[in-house]
Amino acid sequence: MAFDSPAIAGSALYICTTAQTGELLQAGFEALTWVQIKKIGKFPESGIDSNIVKYDTVDTTVSVKSKGVSTSKDWTVEYARSAGDAGQDALRAAALTSSNYAFKMSKADGTVIYNIGIVTGPTRSGGGPDDVDTETMVIGTNMRDVVVDPS
């Protein structure tokens with residue numbers, strides 16, 4: 001049996017350096033100009049987390065649950081620091097503002113995931129002689145992912 005789950009290797013992460021003022025649909029994302037953030041060491045998780053709401057009453061023996069407010073999962077991005085990399089420079093510049101920026105994850109299998117969010121950080125690694133000099137940024141996403149499956 002062949003292993004048919006795609007690997008993350010060969011994927012890329014991009015930022016649009018123009019601040020965004022609202023949610024975009026697929027066509028809006030595709031019209032943007034993208035700058036690749038290079039030397040990504042770990043791709044972020046993405047998706048939606050929803051609260052589970054319950055209210056137990058004295059006449060209930062099993063809780064009944066419903067879906068509450070949902071939140072878009074923050075993207076934590078770690079990369080090997082590279083002075084002069086246009087994508088890393090764009091992330092650092094975005095972190096100095098309170099604006100939302102558009103992001104594009106392009107997976108090796110052709111899947112593309114878009115979102116918009118604020119950028120915080122960077123935090124910089126410490127370590128010893130064999131550790132890589134890394135920075136970590138958090139992208140506080142503000143909408144549901146727009147997922148475009150490969151055609």
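1. Rings of Phe, Tyr and Trp, the last taken by its six-membered ring, pair if their centres lie within 6.5 Å. By that rule, ring pairs link Phe29, Trp34 and Tyr114 into a cluster in this predicted model. The structure holds three aromatic pairs. In one of them, Phe29 and Tyr114 are stacked, with 4.7 Å from centre to centre and 10° between the planes. This pair links distant parts of the chain: Phe29 belongs to helix 1 (residues 26-30) and Tyr114 to strand 8, 85 residues apart. Phe29 is buried, with a relative accessible area of 0%, and Tyr114 is also counted as buried, at 4%.

2. Another ring has a charge as its neighbour. The charged end of Lys104 sits over the ring of Tyr14, 5.1 Å from the ring centre.

3. The nonpolar residues come next. In soluble globular proteins, nonpolar side chains tend to be buried together. Here the largest nonpolar core has 18 residues, and those with the most contacts inside it are Leu13, Ile15, Trp75, Leu91, Phe103 and Val119. At least two residues of this core come from each of strand 1, strand 6, helix 2 (86-95), strand 7 (101-106), strand 8 and strand 9. Helix 2 gives the largest share, four residues. A second, separate core of 13 residues includes Ala12, Cys16, Leu24 and Val148.

4. Val119 deserves a separate entry. Leaving out residues up to four places away in sequence, Val119 touches Leu91, Ala94, Ala95, Phe103, Met137, Val138 and Ile139. Of these contacts, Leu91, Ala94 and Ala95 are among the buried residues of helix 2.

5. How much of helix 2 is covered? Most of helix 2 is: seven of its ten residues are buried. The buried residues are Gly87, Gln88, Ala90, Leu91, Arg92, Ala94 and Ala95. An α-helix has 3.6 residues a turn, so residues three or four places apart point the same way. The cover over the buried residues of helix 2 includes strand 1, strand 2, strand 6, strand 7, strand 8 and strand 9. At the N-terminal end of helix 2, Asp85 acts as a cap, with a side-chain oxygen 3.3 Å from the backbone nitrogen of Gly87.

6. Strand 6 (residues 75-80) has alternating side chains. Trp75, Val77 and Tyr79 point to one face and are buried, while Thr76, Glu78 and Ala80 point to the other and are not. Trp75 is also listed among the residues with the most contacts inside the largest core.

7. Strand 6 pairs with two other strands. Strand 3 and strand 6 run antiparallel and are joined by two bridges; in strand 6, Glu78 is the bridge partner of Lys42. Strand 6 and strand 9 (residues 134-141) also pair in the antiparallel sense, over six bridges. Here Trp75 stands opposite Ile139 in strand 9. Ile139 is also one of the contacts of Val119.

8. Ser11 is found in the segment before strand 1 (12-15). Is Ser11 buried or exposed? With a relative accessible area of 18%, Ser11 is buried, because the limit for that class is under 20%. Its side chain reaches two backbone atoms: the oxygen of Ile8 at 2.6 Å and the nitrogen of Ala108 at 3.0 Å. Not counting residues up to four places away in sequence, Ser11 touches Phe43, Ser106, Lys107 and Ala108.

9. Two backbone features should be checked against a general expectation. Most residues other than glycine have a negative phi, and most peptide bonds are trans. Lys39, although not a glycine, has a positive phi of about 65°. Lys39 lies in the loop between strand 2 (35-37) and strand 3 (40-42), and is exposed, with a relative accessible area of 53%. The other feature is the cis peptide bond that joins Gly121 and Pro122, where omega is about 5°. Pro122 is found in strand 8 (residues 112-124).

10. Val64 is in the loop between strand 4 (48-54) and strand 5 (65-72). Val64 is a nonpolar residue that counts as exposed, at 65% relative accessibility. The C-alpha atoms of Val64 and Lys54 are separated by 6.0 Å, although the two residues are ten apart along the chain. Leaving aside neighbours within four places in sequence, Val64 is in contact with Val53, Lys54 and Tyr55.

Notes
Residues numbered from 1 in each chain as written. Predicted model: local features only at pLDDT ≥ 70, side-chain atom pairs only at ≥ 80, totals over all residues. Heavy atoms only, no water. Buried < 20%, exposed > 50% of the residue type's maximum accessible area, 1.4 Å probe, protein only. Polar contact = N/O pair within 3.5 Å; in protein donor to acceptor, adjacent residues only side chain to side chain. Contact = heavy atoms within 4.5 Å. Pairing = 2+ DSSP bridges. Phe/Tyr/Trp six-rings, centres within 6.5 Å; stacked < 30°, edge-to-face > 60°. Lys NZ or Arg CZ within 6 Å of the ring centre and 35° of its normal. Core = buried A, V, L, I, M, F, W, Y, C linked by side-chain atoms within 4.5 Å.
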